[in-house]
Amino acid sequence: MKTESKLKRLLDSGHFVVCGEIGPPKHACPERLVEKTLMLKDFVDAINLTDNHKAVVRLSSIAAAVHVLRAGSEPIIQMTVRDRNIIGLQSDLLGAYSLGIKNLLCLTGDHPSVGNHPTATMVKDVDVVGLIRIAKKMRDEKRFACGEEIKGQEPRFFIGAVTNPFMGSLNQEVERLEKKVEAGAQFIQTQCVFDKEYFDLFMDLVRERQIHKRAYIIAGVMPLKSAKSARYLQTSVPGM
């Protein structure tokens, strides 16, 4: 599989990859986003751009990624199945790749009920495994989800997904992770790790199934600024 993803090349070479994350603003001005990118770019290998995190309306992850590219860093767009049907998902994949974005992180997305438009519809035309399969089919088979041929440049994304070892049963989460990898996820980013012993148990199960040999596992790390920020994470961020 050919890709122009710098992130994939670094992982393939055995480089210890560090990714940052920026939440796009709740307005149309990219100035602060660019400032944050310039602060991060010499210390990280790629930057995640969240897709309406916590179901709150923000600048799109694709638009944010273009600003990150222009500022000289490697973007990873997050794309949720919450907000788009199967047509919109594929259209945005084509659009993002046409703008120079090479890395894709597939997520379900937080439920609209936790955000600033709680009556919004949870689209979820396909689940996250379905989105991974669609992105892989478009890339490797040059076909849309319906089977129609892509008669031109296909989007050749380095495809990623997420896992949360700290939510529910370990065995069930490893099974969900394996389904994502079998569908085509090539790299995995985890929820922030605050309990290393529990994470070790999770990784033991991952190794038992040889998942770590089929996809790169990138553990989430978050420095806590204060007790107040830790309390906010615990009480207000889904899945923490």
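Helices, meaning runs of H or I in DSSP with at least four residues, and strands, meaning runs of E with at least two, are numbered here from the N terminus. With that numbering in hand, lysine 54 can be placed in the loop between strand 2 and helix 3. The model is a predicted one, and lysine 54 is a handy place to start looking around it. Its phi is near 60 degrees, which is a positive value in a residue other than glycine. That's a bit out of the ordinary, because most residues other than glycine have a negative phi. Lysine 54 also counts as buried, because its relative accessibility is 16% and the cut-off for buried is under 20%.

A second lysine does something along those lines. Lysine 124 isn't a glycine either, yet its phi is positive, at about 45 degrees. This residue sits in the loop between strand 4 and helix 5. With a relative accessibility of 41%, lysine 124 counts as partly exposed. A glycine with a positive phi turns up as well: glycine 72, just after helix 3, has a phi of about 95 degrees.

Helix 3 itself covers residues 61-70, and its buried residues are Ser61, Ile62, Ala64, Ala65, Val66 and Val68. What do these buried residues pack against? Their partners are helix 2 (31-40), strand 2 (46-49), strand 3 (75-80) and helix 4.

Helix 4 leads on to the pairs of helices. The axes of helix 4 and helix 5 come within 11 Å and cross at roughly 45 degrees. The two helices are therefore oblique to each other, and their crossing is right-handed. On the helix 4 side, the contact is made by Ile86, Leu89, Gln90, Leu93 and Leu94. Helix 5 brings Leu131, Ile134, Ala135 and Met138 to that contact.

Helix 5 also meets helix 6 (residues 170-183), and here the axes come within 8 Å and cross at roughly 15 degrees. That angle makes helix 5 roughly parallel to helix 6, since angles under 35 degrees count that way. The residues in contact are Val128, Val129, Ile132, Arg133 and Lys136 from helix 5, together with Lys179, Lys180 and Ala183 from helix 6. This crossing, of helix 5 and helix 6, is right-handed.

Next along is the pairing of helix 6 with helix 7 (residues 196-208), whose axes come within 10 Å and cross at roughly 50 degrees. Helix 6 is thus oblique to helix 7, and it passes helix 7 in a right-handed crossing. Which residues meet there? From helix 6 there are Leu170, Asn171, Glu173, Val174 and Leu177, and from helix 7 there are Tyr198, Leu201, Phe202, Leu205 and Val206.

Rings get together in this model too. The count comes to four aromatic pairs. One of them joins tyrosine 97 and phenylalanine 157, with 5.6 Å from centre to centre and 80 degrees between the planes, which makes the pair edge-to-face. Tyrosine 97 belongs to helix 4 (residues 86-98), while phenylalanine 157 lies in the loop between helix 5 (128-140) and strand 5 (158-163), so the pair ties together parts that are 60 residues apart in sequence. Tyrosine 97 and phenylalanine 157 are both buried. Tyrosine 97 has another companion in lysine 102, which lies over the face of the ring at 4.2 Å from its centre.

Two more residues make a nice contrast: is each of them buried or exposed? Threonine 121 counts as exposed, because its relative accessibility is 62% and the cut-off for exposed is over 50%. Its home is the loop between strand 4 (103-107) and helix 5. Not counting residues up to four places away in sequence, threonine 121 touches Arg82 and Pro112. Between the C-alpha atoms of threonine 121 and leucine 69 there are 32 Å, with 52 residues separating them along the chain.

Glutamine 189, on the other hand, is buried, with a relative accessible area of 10%. It is part of strand 6 (residues 187-192). Leaving aside neighbours within four places in sequence, glutamine 189 is in contact with Cys19, Asn48, Ile76, Leu105, Ala161, Val162, Thr163 and Ile218.

Note on methods: Residues are numbered from 1 along each chain as its sequence is written. This is a predicted model: local features need pLDDT of at least 70, side-chain atom pairs count only at pLDDT 80 or more; totals for chains, interfaces and linings use all residues. Side-chain values use heavy atoms; hydrogens and water are left out. Rings of Phe, Tyr and Trp (its six-membered ring) pair if their centres lie within 6.5 Å; planes under 30 degrees apart count as stacked, over 60 as edge-to-face and the rest as tilted. Buried means under 20% relative accessible area, exposed over 50%, partly exposed in between (1.4 Å probe, protein chains only). A charge sits over a ring if NZ of Lys or CZ of Arg is within 6 Å of the ring centre and within 35 degrees of the ring normal. Axes are lines fitted to C-alpha atoms, for helices over the stretch in contact, and angles run from 0 to 180 degrees between N-to-C directions. Angles under 35 degrees count as roughly parallel, over 145 as roughly antiparallel, 65 to 115 as roughly perpendicular and the rest as oblique. A crossing is left-handed if the near helix is turned anticlockwise from the far one by less than a right angle, and right-handed if clockwise. Contact means heavy atoms within 4.5 Å.
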